[in-house]
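Here is a friendly briefing to read alongside the model. Keep the viewer open and follow the topics one by one.

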Amino acid sequence: MGRPKKEKPNHASGMYEVKITIGHTFDGKPIRKSFYSSVSKSAAKAKAEQFKIDQAVSMQTDSPFVSKKECFDTWAKIVLENLKGTIKDSSYNLTYKNSINNHLIPYFGKRKLTEIKQIDIQQYFKKKGHDLSIETLKKHKMCINKIFEMAVLNDFCSKNPCIDIKLTSNKKSTEKQTYTKEQCELVLNFTKIHRFGIGVYLMLEYGFSRSELLGLMWNDIDMENKLIYINRGVTDVQNAESGKMEIAIGEPKNEFRKRVIPIKDDTIELLNSNKNNSKFIICNSKNKVCSPRTWSRRHYDVFMKDMHDYYIKQNIDVPMLNPHELRHTRATIWVNDGENLFAVADILGHSDLKMLRKRYAHADPESVRKLLKLK
């Protein structure tokens, strides 16, 4: 008697497939799982049987049931997809999508989740620390921690290997420039005669961020009591679904950034002289909200070049700083002038003095000498 004819593969991939029920949903529908083999259908069936045995042992011993087959890249993409729509598009694209697709997946690739140990993750950060800043490494750590956190919850590994990871970077932080008090006054004077000066004035005088500036509406200004209310921010974000860049108007990024700022009479006068037909103080040519990228290119850069050229003709070299360096300048001047640090932190929207000291204020030794009355 001849051998029985070998069964043909029953899956489109050319593999043998066996499906079994591994559980039920809350409404009673069966949950089906496929097992594959390139050898035979019986081999695929053996894998399915072993899965059921492992599952039963897990239930009897109350130990985590871990599927050791899940690869890092596959699971990372699933986590990324599940994050879509649950967080802001800017966070999704700039933090999670960029970190996972451009760094974590290319590095860990097809390695099984259960094979990745704490030392492997530490080695990843050691390698990346040669080229990336600490702030960027923190984003990567947040992402890989989320991937393994979700893997533990879904029984793809028994523990999170991202514990006690140390971050170090060889990349020096770019030193932010600031204006001196004299330069600051020159720039502020020029804001009052330039068509795009109002935005630069508000950032340099009160430390607004670009996002906060572009979110300012006329009804945020209390002219009588000389107050500005920071209620929103404007950002350019990539739509997670379409991939297109869009303008997003939203709440400030935390509770401390939503604040009330007292302003001077000069500010009220400048605001009144810059009244427009838009609900936004800074607007585009159609009187609509202005994109941060558009504002930087068509308003801010134009102002900076005109300002620089104006003073160069007087043999005064006032550098062209970027928008955030205006905020940096204001914080530094306030701190070095000995202004109340709690008031400064409040106006800038910081939760504590540590953030103020770390991010913006560069203490000038002579200012410290003056404040402490050291002779």
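**Salt bridges**

- R257 and E212 join their side chains in a salt bridge, with 2.9 Å from N to O; the term stands for a side-chain nitrogen of Lys or Arg within 4 Å of a carboxyl oxygen of Asp or Glu.
- This pair links distant parts of the chain, 45 residues apart: R257 sits in the loop between β6 (245-250) and β7, and E212 in helix α8 (residues 210-215).
- Helices (H or I, at least four residues) and strands (E, at least two) are DSSP runs, numbered from the N terminus.
- R257 and E212 are both buried, where buried means under 20% relative accessible area, exposed means over 50%, and partly exposed lies in between (1.4 Å probe, protein chains only).
- E212 also forms a salt bridge with the side chain of R259, again listed at 2.9 Å, N to O.
- Since R259 lies in strand β7 and E212 in helix α8, this pair ties together parts that are 47 residues apart in sequence.
- R259 is buried, as is E212.
- A further salt bridge brings together the side chains of K305 and D309, at 3.0 Å from N to O.
- K305 and D309 are four residues apart in helix α10 (residues 292-312), which puts about one helical turn between them.
- K305 is partly exposed at 48% relative accessibility, and D309 is partly exposed with a relative accessible area of 31%.
- E205, K264 and R330 are joined into one network by salt bridges that share partners.
- Over the whole structure, the search finds 16 salt bridges.

**How to read the model**

- This is a predicted model, in which local features need pLDDT of at least 70 and side-chain atom pairs count only at pLDDT 80 or more, while totals for chains, interfaces and linings use all residues.
- Residues are numbered from 1 along each chain as its sequence is written, and side-chain values use heavy atoms, with hydrogens and water left out.

**The sheet**

- Strand β7, home of R259, belongs to an open sheet of three strands in the order β3-β4-β7, with antiparallel pairing; two strands pair if DSSP finds at least two bridges between them.
- β3 (221-222) and β7 (259-262) stand at the edges with a single partner strand each, so one side of each has no neighbour in the sheet.
- Strand β4 (residues 227-230) is joined to β7 by four bridges, and the two run antiparallel.
- For a place to look, I228 has I261 in β7 as its bridge partner.
- In general, strands of a sheet pair through backbone hydrogen bonds, either parallel or antiparallel.

**Helix α9 and its two sides**

- Which residues of helix α9 (residues 265-273) are buried? They are T267, I268, L270 and L271.
- Viewed down the axis of α9, these buried residues fall within an arc of 165 degrees (taken from the directions from the helix axis to the C-beta atoms), so they line one face of the helix.
- The face turned away from the buried side carries the exposed residues D265, E269 and S273.
- α7 (197-206) and β3 are among the elements that cover the buried residues of α9.

**Aromatic rings**

- The whole structure holds 13 aromatic pairs, meaning rings of Phe, Tyr and Trp (its six-membered ring) with centres within 6.5 Å; planes under 30 degrees apart count as stacked, over 60 as edge-to-face and the rest as tilted.
- Y107 and F108 have ring centres 4.8 Å apart and planes at 75 degrees, so they are edge-to-face.
- Y107 is partly exposed at 32% relative accessibility, whereas F108 is buried at 1%.
- Ring pairs link F72, Y107, F108, Y124, F125 and F148 into a cluster.
- R330 lies over the face of W334, 5.3 Å from the ring centre; the criterion is NZ of Lys or CZ of Arg within 6 Å of the ring centre and within 35 degrees of the ring normal.

**Two buried residues to inspect**

- Y92, in helix α3 (residues 89-108), is buried at 4% relative accessibility.
- The C-alpha atoms of Y92 and N239 are 9.4 Å apart, although their positions lie 147 residues apart along the chain.
- T191, in helix α6 (residues 181-191), is buried with a relative accessible area of 2%.
- Leaving aside neighbours within four places in sequence, T191 is in contact (heavy atoms within 4.5 Å) with G197, I198, V200, Y201 and F303.
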